[in-house]
Amino acid sequence: MGNVLNILFCLSLLYLATTTRVTAYLQVFVLQSILLFFIVMMPLLNHLSVFTLVLPLTILVVKAILIPRYMKKKIIYELEIKTTIEANIQQFNFLLLSVFSMVAVFVSCNLITKDAAVDPIPFAAAFSSVVIGLYVIIFRKKLIVHVIGFLVMENGIFLLGIAVASEMPFLIELGILLDIFVVVFLMGIAINKISSTFAADEVSALDKLKN
Amino acid sequence: MEILSKITIYMVFIFAAPLFMGLVNKLKARLTGRIGPSVFQSYYDLRRLLRKETIYANSASFISRMAPVVSFVSILFAGMILPVSFTRPLISFNGDLILFAYLLGLSRFFQILGAMDIGSSFEGMGAAREATFAVFAEPIYFFTLGSLAFIFGRTSMYEIFHSITLGDPSFLVFIVVASISVFFLMITETSRMPVDDPNTHLELTMIHEVMILDNSGQDLFLYQYSAYLKILIYATFTSNFFNPFSMAENYMIGFLVYLCVMLVLICCLVWIETMLGRFKMKSIPQYLLFAASIGILNLLIYSFFRK
Amino acid sequence: MLVLFYILILPLLAGGLFFIPGGKKLKYQLSLMVSVVHLAASYLIFAGLVAPELHQWFRIDAFSKLFLLILSHVYFWVVLNSWHFLNRPTVYSPDKSTKIFFSIMNLYLFANTLALISNHLGLYWVALESTTLCVAPLIHYYRNKESLEAMWKYLFLVSVGIAFAFIGILFLAFSAHGTDIIEKGLFLSDLIEGSSKLNMVWLKAGFIFIFAGLSTKAGIAPMHPGEVDALSYSPSPVAALVSASLSGTALIGIFRLMQITAGTPVHQFAQVLMITGGMISLLVALVFMFKVTNYKRMIAYSSVEHIGLIVLGAGIGGAALIGSMLHMIFNSLNKTAMFLMAGNIHRTYNSRETRDVKGVLKNMRWTGILFLTAFLAVIAMPPFGLFFSELMIFRGLVEQNRFILLAVILFVLLFIFIGMSRQTFSILYGKAESEGEAAEPKSEKFNITHLSALVLLLLLASAGLFMPAVFTDVINQIAGELSR
């Protein structure tokens, strides 16, 4: 059953590489976060207690509710950001690149996890997420899309942490979530200010700093 | 006896093809608030076409005469390979999934040839578009079915579909995912809504319809009929992924599952056609690639999953 | 445990309390008190007079001692000067920033201390990310376009980089798979002790990711742009803080990894990686030293150069390692002084461009002299400490017969010296083109920033000549840790 969630996770990544709308990006992120919630919940189902529920629920609240809401309200609506993402390369090439990288990631993950006691599928899914998140950051122009790319990357890292099953202590996971939330919060403020001072929310506007 | 029942099923399948289209059109009309044509309208259309005279353009060569027939016959043969519900199809051997793909390819090839033969620039454009999208559509088929063949180690369509079981919950997702990508394939191959609008006659945006602008009478009948057949073939193809739900090879349940899946498919198709606008011509390849990459993903996951 | 209260809880409390609106002056005085307490505590810890009993989440070893002292020291001078800095007239109106300045500074101190004394890489990561979050609003202090852009770039690049470092930490966890380290909770001390039990392939992968990720924060090329932008467009005290203390906080993570790899086959690989990173930093600094037209950016690239030297020295090991630790200390002293003086110049001329700033030595007597002295220190003139530490690094190179590397480094340093002095002297001596400015040389009062810079530079000069024994002890301990 865990694999089902991982497959869906990969599918969401492919969709991310296909779609061209900012809101769809956000929806993919929400979907991924909900999937993460279920992936974290899975092994806990057998010994359910209030204490074990704290982490998954925090993930759900922070990643699936607070962050998307904040981004939607404060950034997308308030700034009236145009709904299309602006890309540096053609969408088709982007998808092609993503698919090829995904294949490469899967094959290499399969190779390197052969002798380690690690399930290759979540591992590869997590790594694809990191790679595609990075591509989103590199090949997209809008700052808000960069933030979503960063979040997708973080989701991948989170999944990676679960895939190893060598759990980071509970408090640290919470600390990480808090950090990410504050990062997104600060980035949101920055985007707000950038769009008011630069009259564009694209990276191309940010070229003042040179040598 | 066995062969007789197979032939019966096949005949029913062939004759039900326009009905499928009729149902789609009717439902679509109802959803948009119109009464719509009768469910059997497709049959009436076909009958009308059959009665009409076939006219050829002055520039038409023998290819124009040949193309509709070859196209239609190869579709008929493709129908023979496709397993409907439980029965072993009329033609079934190891490797028939490739024949299936190439029969459909042959049909398309002759349609394109026929369109180009007349030398009209419109039809040439349509042919070019059809060929371009076919390039992106083909991988969907091969990655989806290929991954299945790879996983089960079978190369016959019938055996592949019968190897899918519900033993592992992962297959559930797999079924859904694979059927989604085949659904994409169906929309592309049969030139339905988000890819091509069958109702417009605006030349700039047409793909399939523009190719058969110059055909009339019996030729048009053959083209139309092959279009109806094609969509039913793909729909059945999609429904085959849901075979394992009819558990213990019970024919009655199998048939019911088949009908249910068909109904769901019709609803999906109608829903998509009413809800979505046409994609931009430019962005179609990326959606097709998306569907193909689903197949690739399946291949990746299951080849590692099974080790 | 009481010491922990002074160095951890007190800044946290102060940071929290200061969100309540209140007198700026009071906040300043309290912050200064916190920093003095912190400084005293870290001196005590450093000298070994206080050996706190720690929970297993914390660890104070030779590394922590040294870096804690550096942090505390830099922080003290920055806070001391912040009052003067906040009250000086500027063309910008950073009132909002001033309100939160002290609370963020205290939170920064808390997060940074936590990162330095954590005994768990996860905790270290969380604290390190928090320092980024604290620094980001400070970079945006002036609330103008450039600082906004610098803040965005710093925040984004460093966050992404640190995310990569986290992947490295996870790989490290992989490498401990099947050992008892995992059951004990993946603590750093267990990792260091049981390093031979780790899976070497994963350890290597972990090192690559952590090194690349932390490079963004430490300012090691080619991951330096975020850091350089932040240094050049943030207010000077903040730049001093980032350059002199925050780089160290990122470096300690790399050194911790070196500590783990020491004694394993991966160590050599790690050393090669660090030497490469250091060399690239030097080369990048060389190239950009001739391209920059902005004197703060010039100092930022000088920071990249020195971090590169530190990493290089640590990668070479032996005497060079000791040299690089000394370099760490001296660099922090020097960079603080240099950024403070650059801040003074910026305040008077209202420009960061080299071409707008001429004749500092004439117009701003004290600043000019001190900037010149700091410049002489940064290019490693004797008797300043950096001279001795660089000499030590070169000795390490000679000991290992790496003469070609040594030649290249000397060559690069020479040209960096040329590039830097060209700009510096144009700032200090050049004649102003517009008549009006040159006509009336402004008399400059000797203020707290000058005093701080003077003390820092005196410390730097005397530390090179008379190194207290306790420093050599701690540094030898570090060297011992890294060459097991």
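Begin by selecting chain B and chain C together: no contact joins them, a contact being a pair of residues whose C-beta atoms, placed from the backbone, lie within 7 Å, and their closest C-alpha atoms lie 20 Å apart. What you have open is a predicted model, in which local features need pLDDT (the predictor's confidence in each residue, from 0 to 100) of at least 70 and side-chain atom pairs count only at pLDDT 80 or more, while totals for chains, interfaces and linings use all residues. Residues are numbered from 1 along each chain as its sequence is written, and chains are lettered from A in the order in which they are written. For the complex, the predictor gives an ipTM of 0.92 and a pTM of 0.89.

Next, select chain A. Its secondary structure comes to 7 helices and 0 strands, where helices (H or I, at least four residues) and strands (E, at least two) are DSSP runs numbered from the N terminus. Of the 211 residues of chain A, 49% count as buried, that is, with 20 or more other C-beta atoms within 10 Å of their own, whereas 12 or fewer would make a residue exposed and values in between partly exposed, with C-beta atoms placed from the backbone. The C-alpha trace of chain A spans about 55 × 40 × 35 Å along its principal axes.

Now add chain B to the view of chain A, and 19 residues of chain B will be found in contact with 19 residues of chain A. On the chain B side, the elements that give two or more residues are helix H7 (169-189) and helix H10 (284-305), and H10(B) gives the most, with 13 residues. Of the 2 pairs of chains that touch, however, it is chains A and C that have the most contacts.

Turn then to chain C, whose mean pLDDT is 88, with 96% of its residues at 70 or more. Select Ala221(C) and Pro222(C), which are joined by a cis peptide bond with omega of about 5°; Pro222(C) is found in the loop between helix H9 (200-218) and helix H10 (225-233) of chain C. Moving on to the loop between helix H16 (365-378) and helix H17 (385-399) of chain C, you will find Pro383(C), joined to Pro382(C) by a cis peptide bond, again with omega of about 5°.

Ala380(C) is also placed in the loop between H16 and H17; its phi is near 65°, a positive value in a residue other than glycine, and Ala380(C) counts as buried because it has 22 C-beta neighbours inside 10 Å.

Finish at Asn401(C), in the loop between H17 and helix H18 (403-429) of chain C, where phi is near 60°, a positive value in a residue other than glycine. Asn401(C) is exposed, with 9 other C-beta atoms within 10 Å.
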